[in-house]
Amino acid sequence: MDKSLSKPTIILHWLTGLLFIGVLAFGLYVEEMPRGPEKFEMLALHKSFGFTVLVIALIRLFWRLFEGEISHVAKLTPWQDMLAKGTHMLLLIGTLLMPISGIMMSVGGGHGLSVFGFEIFAKADKIEWMGNLGHDIHGPAAWVLIAAILLHVIGALKHQFFDKDGTLARMLGAKVKSDDQ
């Protein structure tokens with residue numbers, strides 16, 4: 001049985017993943033900067049790229065709903081299947097939740113939201129509960145998602161170097177046949 005992935009699935013996976021990792025790393029960098037004009041410029045970039053992640057993640061979500069669940073190349077034990085599905089679900093939700101919580105922080109803080117100079121939400125009065133909720137989600141979720149990304153990468157490397165089942169090759173566009181059928 002052919003277990004190859006469609007080009008949109010592959011492109012959306014890598015685009016979302018690499019951009020998300022970049023925005024996450026950039027956010028951690030900006031967080032450590034001293035308060036001042038440079039930090040606020042960097043935060044504006046972080047917000048713009050975060051919003052871009054949200055748009056791409058939404059496209060990816062709709063594509064996933066359209067295309068259906070991605071099947072595994074190899075036969076997995078029940079615990080491996082549960083871990084893989086849980087990690088994928090966490091990453092999918094995280095690519096939506098992180099930008100949404102960031103927007104909540106910005107809008108709730110009365111700052112509005114501009115994306116690469118285009119105003120999406122105008123500056124307005126603070127909405128304290130929204131800003132606080134966004135903050136309570138955004139920071140801790142970043143660390144949970146870093147752990148999930150590491151688990152995902154470790155899983156991909158396990159499939160590549162120990163199982164040698166073609167899972168990583170498939171995500172790089174190779175045609176892969178399953179031997180579990």
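Colleague: With which residue does K158 form a salt bridge?

Modeller: In this predicted model, the closest N and O atoms of the pair are 2.4 Å apart. K158 is partly exposed, with a relative accessible area of 29%, and its partner is likewise partly exposed at 34%. The residue that pairs with K158 is D163.

Colleague: Which residues are joined into one network by salt bridges that share partners?

Modeller: The side chains of E69 and K85 meet in a salt bridge at 3.4 Å, N to O. K85 also meets D81 in a salt bridge, again with 3.4 Å from N to O. Because a salt bridge requires a Lys or Arg nitrogen within 4 Å of a carboxyl oxygen of Asp or Glu, both contacts qualify at 3.4 Å. The network therefore consists of E69, D81 and K85.

Colleague: Where in the chain does E69 lie?

Modeller: E69 and K85 are 16 residues apart and link distant parts of the chain, with K85 in helix α3. K85 and D81, by contrast, both lie in helix α3, 4 residues apart, about one turn of the helix. E69 is in the loop between α2 (37–67) and α3 (78–108).

Colleague: Is E69 buried or exposed?

Modeller: The relative accessibility of E69 is 55%. Exposed means over 50%, so the residue passes that cut-off. E69 counts as exposed.

Colleague: How far apart in space are A147 and T87, C-alpha to C-alpha?

Modeller: A147 lies in helix α4 (residues 128–163) and is partly exposed, with a relative accessible area of 45%. In sequence, A147 and T87 are 60 residues apart. Their C-alpha to C-alpha distance is 9.7 Å.

Notes
Residues are numbered from 1 along each chain as its sequence is written. This is a predicted model: local features need pLDDT of at least 70, side-chain atom pairs count only at pLDDT 80 or more; totals for chains, interfaces and linings use all residues. Side-chain values use heavy atoms; hydrogens and water are left out. Helices (H or I, at least four residues) and strands (E, at least two) are DSSP runs, numbered from the N terminus. Buried means under 20% relative accessible area, exposed over 50%, partly exposed in between (1.4 Å probe, protein chains only).
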